[in-house]
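Reader: I would like to go through this model one feature at a time. Please keep the answers short and end each on what was asked.

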Amino acid sequence: MPLGNINRQNFKSIFFPPRILMQQLNSVLLFRSVLGWKGFGKWLARHSFKSIPVSAGAIGMGCIGFPNHPVWEVTNRCNLNCIHCHTEGGRKLDDELDAERAKDLIDQLAEIESFRMLVYTGGEPFMREDLFELLDHSRKAGFVNVIASNGTMIDDEVARDLKRVGVAAIAVSLDSNNCLIHNNIRNSPNAFEKAMAGIKSLKKAGILLQVNTTAMDINFKDLDNLIDLVEELDSGIMLMYQLVPVGRGTEISRSALDMDYNKRLLTFLSEAQKNKSVLIEPVAGPQYWAHLMEKSGRNSDRWLKKANNAFYGCTAGRGLVYVKANGEIWPCPFVELSAGNITDSSFKDIWENGEIFKTLRDRENRLKGECGSCRYNSICGGCRGRALAYSGDYMDEDPSCFLQKVKPVEPARIKGR
């Protein structure tokens, strides 16, 4: 049943209670410590204040940024046809939420006190005609707005309007500093040029830039130069995704990084991060935080206890929730399992009582194989999307984990599951 617009005048500020900000600070300080992050001071001076709204409500660092926050696929429509798109973006789905249902969803998400930032994604969010109306609604509901976009539909006027409706950051996808490689991945001859123009407009409007990248064998050798470009663009945050063979990614599953390349990527990121001011976090590589603890020699029980309050590894269903364009509720964009639909049940009931969410929140007892017995279970937990794609069981071990040398296997979906 529609709940109508809720009054959020008593919605807690992103600065309250102070313990949330302290927890964010403690997380990034531990990250700096175990990494030896020399660029921390520069990040603190240039990006930290603008990053506070983007991380509103965060209780630590984890996959796809941090827990807790919702990500909403506002439409399946897209103006590009990217080879790795997990949503298989293109045409509008017949059962996408209309404006009334969409606003009701926002109101229901706003009932969850720990949700203070809402990510709009797609498809391409700017393909939705009522996007600004929805952004304004979520701003009035108390949310900090963030958008994930391919950047090609942003100009100076759009950027000014985004600022007006409370958009704190835009995550623009860049897959290479080489325009030919980026355009090849995006299936467009001018996607790179348009994305760079969009970034210029966002910077002019004073909106924090985040860059999202998907690492795969096609662009692996370019990642070093791409990070240099991201630094030059003065981006505050960079999310380094790994290709998970879901959606259109199943067609290029051989491009996904195996165990060896997972380790190489996370080792590379830990080295690349040291002198950069952009904060780089992996997605679908939850071994990163355990890797940092081991690499720094801070893997004793005492240090792990500290890490438990800062690093969360895979956050699927344990802080992150992904809402599909038709109202289905998934734990993560890569865990293609529905816990329910807001057209049939309230979001709060699904979020609090959905069996999938209950299972994921009990990973210390429910994970299987090497992930179940791993001492880094609480700060890593393995990629649940990769486990599902490769074995058909979202609680199985992560086949690309190098911490306990799990044997890699072929993706179950490619085998015809």
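**Helix H17 and the rest of the model**

Author: This is a predicted model. Right after H17 comes Gly-392, with a positive phi near 90°.

Reader: Is helix H17 buried or exposed?

Author: Helix H17 covers residues 384–391. Arg-384, Gly-385, Arg-386, Ala-387, Leu-388, Ala-389 and Tyr-390 are buried in H17. That makes 7 of the 8 residues, so the helix is largely enclosed by the rest of the structure: buried.

Reader: What covers the buried residues of H17?

Author: The buried residues of H17 include Arg-384 and Tyr-390. Among the elements that cover the buried residues are strand S7 and four helices, and these are S7, H10, H11 (287–295), H14 (355–360) and H16 (369–373).

Reader: How many helices and strands are there in the protein?

Author: Elements such as H17 (residues 384–391) belong to a longer list. The protein has 17 helices and 11 strands.

Reader: What is the radius of gyration of the protein, set against the globule rule?

Author: For 417 residues the globule rule gives 22 Å, and the protein comes close to that, so it is as compact as a globular protein of that length. Along the principal axes, the C-alpha atoms fill a box of roughly 50 × 50 × 45 Å. The radius of gyration is 20 Å.

Reader: Which percentage of the contacts with a separation of 6 or more is between residues 24 or more positions apart?

Author: Buried residues make up 61% of the 417 residues. As for the contacts with a separation of 6 or more, the share from residues 24 or more positions apart is 72%.

Reader: How many cavities of 30 Å³ or more does the structure hold, and what is the volume of the largest?

Author: The structure holds 2 cavities of 30 Å³ or more. The largest is lined by 12 residues, and those nearest its centre are Glu-370, Cys-371, Cys-374, Cys-380 and Cys-401. By class the lining has 7 nonpolar, 4 polar and 1 charged residues. The volume of the largest cavity is about 70 Å³.

Reader: Which residues line the second largest cavity?

Author: The second largest cavity has a volume of about 50 Å³. Its lining divides into 7 nonpolar, 2 polar and 1 charged residues. The lining residues are Cys-63, Ala-284, Cys-314, Thr-315, Ala-316, Cys-332, Phe-334, Cys-383, Arg-384 and Gly-385.

Reader: Which side chain does the side chain of Ser-255 join in a polar contact?

Author: Ser-255 sits in the loop between strand S7 (237–242) and helix H10 (259–273). With a relative accessible area of 10%, under the 20% cut-off, Ser-255 is buried. Beyond four places in sequence, Ser-255 is in contact with Met-216, Asp-217, Ile-218 and Leu-243. The polar contact, of 3.0 Å, is with the side chain of Asp-217.

Reader: Where is the peptide bond that is cis, with omega near 25°?

Author: Strand S3 covers residues 117–121, with Thr-121 in it. Thr-121 is buried at 12% relative accessibility. Gly-123 is found in the loop between S3 and helix H5 (131–140). The cis bond runs from Gly-122 to Gly-123.

Reader: Which residues does Ser-149 touch, not counting those up to four places away in sequence?

Author: Ser-149 lies in strand S4 (residues 144–149) and is buried at 3% relative accessibility. Its C-alpha is 9.1 Å from that of Asn-212, a residue 63 positions away in sequence. Ser-149 touches Glu-124, Pro-125, Phe-126, Ile-154, Ala-171, Val-172 and Ser-173.

Reader: Is Asn-187 buried or partly exposed?

Author: Asn-187 is placed in the loop between helix H7 (179–186) and helix H8 (191–205). Phi of Asn-187 is positive, near 60°, in a residue other than glycine. Its relative accessible area is 46%, which lies between the 20% and 50% cut-offs, so Asn-187 is partly exposed.

Reader: What is the phi of Asp-234?

Author: Asp-234 belongs to the loop between helix H9 (223–232) and S7. At 26% relative accessibility, Asp-234 counts as partly exposed. Asp-234 is a residue other than glycine with a positive phi, near 60°.

Note on methods
Residues are numbered from 1 along each chain as its sequence is written. This is a predicted model: local features need pLDDT of at least 70, side-chain atom pairs count only at pLDDT 80 or more; totals for chains, interfaces and linings use all residues. Side-chain values use heavy atoms; hydrogens and water are left out. On a 1 Å grid over the protein atoms alone, a cavity is a set of points where a 1.4 Å probe fits but cannot get out, and a pocket is an open set with protein on both sides within 12 Å along at least five of seven lines; lining residues have an atom within 4 Å of a point. Grid points are joined across faces, edges and corners, and a volume is the space filled by probe spheres set on the points. Ala, Val, Leu, Ile, Met, Phe, Trp, Tyr, Cys and Pro count as nonpolar, Asp, Glu, Lys and Arg as charged, and the others, Gly among them, as polar. Helices (H or I, at least four residues) and strands (E, at least two) are DSSP runs, numbered from the N terminus. Buried means under 20% relative accessible area, exposed over 50%, partly exposed in between (1.4 Å probe, protein chains only). A polar contact is a pair of N or O atoms within 3.5 Å; within protein, one must be able to donate a hydrogen and the other to accept it, and residues adjacent in sequence count only if both atoms are side-chain atoms. Contact means heavy atoms within 4.5 Å. The radius of gyration is taken over C-alpha atoms; the globule rule is 2.2 Å times the number of residues to the power 0.38.
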